[in-house]
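Here's a quick look at the salt bridges in this one. Have the sequence and the 3D view handy as you read.

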Amino acid sequence: MFTIKQAAARTGLSVPIIRVWERRYGVVQPSRTAAGYRLYDDESIARLVAMRRLVAEEGWKPSQAARRVLEPGTDLRASGGRPVDSDPGAATPGSSRADPSGSSMGLGTNVRNGDREASLVHAFLSAARELDVPAMERILDETFASHRFELAIEGLVSPALRAIGIAWAQDEVDVGAEHAASETIRRRLARFYDAAGLGDRVPQVIVGLPPDGRHEIGAFAFAVAARRAGLDVLYLGANVPLVSWLRTVRETAAPVVVLGVVTPSDVVAAGAVVDALSASARPPICLVGGPLSAASLDGLGTIRLPTPLDDAVAAVAGLLGSRERRVR
């Protein structure tokens, strides 16, 4: 049996999220000690892990994920597939309109995934398992040399990170290997970001993650793509404190903010950022992207970025163009 803090450590969820999922969806029903403290058994841990995977990695709504993990006979270790109450036109895990990687923002999966792309994803996963950074670099070299940046992100980077995330969840890849792969990709994105260059212009778009947000690859890729499209973008990175969001927007007067929302805790943190920015003297337009961006819309007045990456950039460019026409 595990305390709620131990359950949080074993599942990768925060204590507040576990309590919300317990109270709102009944995913777990912990027993209590004589002093009233919650205790979670192995099945409860398995349900929480399965629900986290469906929500954070496959883009399900929490209500859908809860129904799935509570279904009698559900294989919690392999739970996935189509959301139980989704309509034929809704985004579903693994479809061209969903982004289950848990790390991307504005990245679709509708790129042609031929044998060559699948082979490169497999090779990248194998290199990550072996902590072979030079091999990962070579695969990135080949991919970016033969594809436009946006297509390379969608054809290799997003699927590779998704595959690594699944392998990590199944204890097939060590967390060190996952970090090495993510850092290898992040360094490559930094080169593209610097090459696209803001110059001396004042940024119009601020991109980053909310406080404690860690999965930055998708947000970084969007920032690069937006710069490549000629937008004046400032990328703040991961785990940006609320006070820094407020200060940056105030000092730059940027009219657009883009937040990456990847994990359940990001939903709450992004909401706090949006609320604070909305109450500022010159509130920007706030957009959200990432696997859990849909969960961030309720009552926040935010706009969800579309997929694929090109469409996400076009949406922001359109907002900036509309704003400039109103100012004139």
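Let's start with Glu71 and Arg68, whose side chains meet in a salt bridge at 3.5 Å, N to O; the term stands for a side-chain nitrogen of Lys or Arg within 4 Å of a carboxyl oxygen of Asp or Glu. This is a predicted model, where local features need pLDDT of at least 70 and side-chain atom pairs count only at pLDDT 80 or more, while totals for chains, interfaces and linings use all residues. Residues are numbered from 1 along each chain as its sequence is written, and side-chain values use heavy atoms, with hydrogens and water left out.

How many salt bridges does the structure hold? There are 14 salt bridges, and here are some of the pairs.

| Acid | Base | N to O distance |
|---|---|---|
| Glu71 | Arg68 | 3.5 Å |
| Glu150 | Arg148 | 3.0 Å |
| Asp232 | Arg201 | 3.1 Å |

Now for burial: buried means under 20% relative accessible area, exposed over 50%, and partly exposed in between (1.4 Å probe, protein chains only). Arg68 is buried at 14%, whereas Glu71 is partly exposed at 33%. Glu150 is buried at 5%, and its partner Arg148 is partly exposed at 40%.

Then there's Asp232, which forms a salt bridge with Arg201. Asp232 sits in the loop between α9 (217-228) and β4 (233-237) and Arg201 in the loop between α8 (175-196) and β3 (205-208), so the pair ties together parts 31 residues apart in sequence. Helices (H or I, at least four residues) and strands (E, at least two) are DSSP runs, numbered from the N terminus. Asp232 is buried at 9%, while Arg201 is partly exposed at 44%.

Finally, a network of salt bridges links Glu137, Asp141, Arg187, Arg188 and Arg191.
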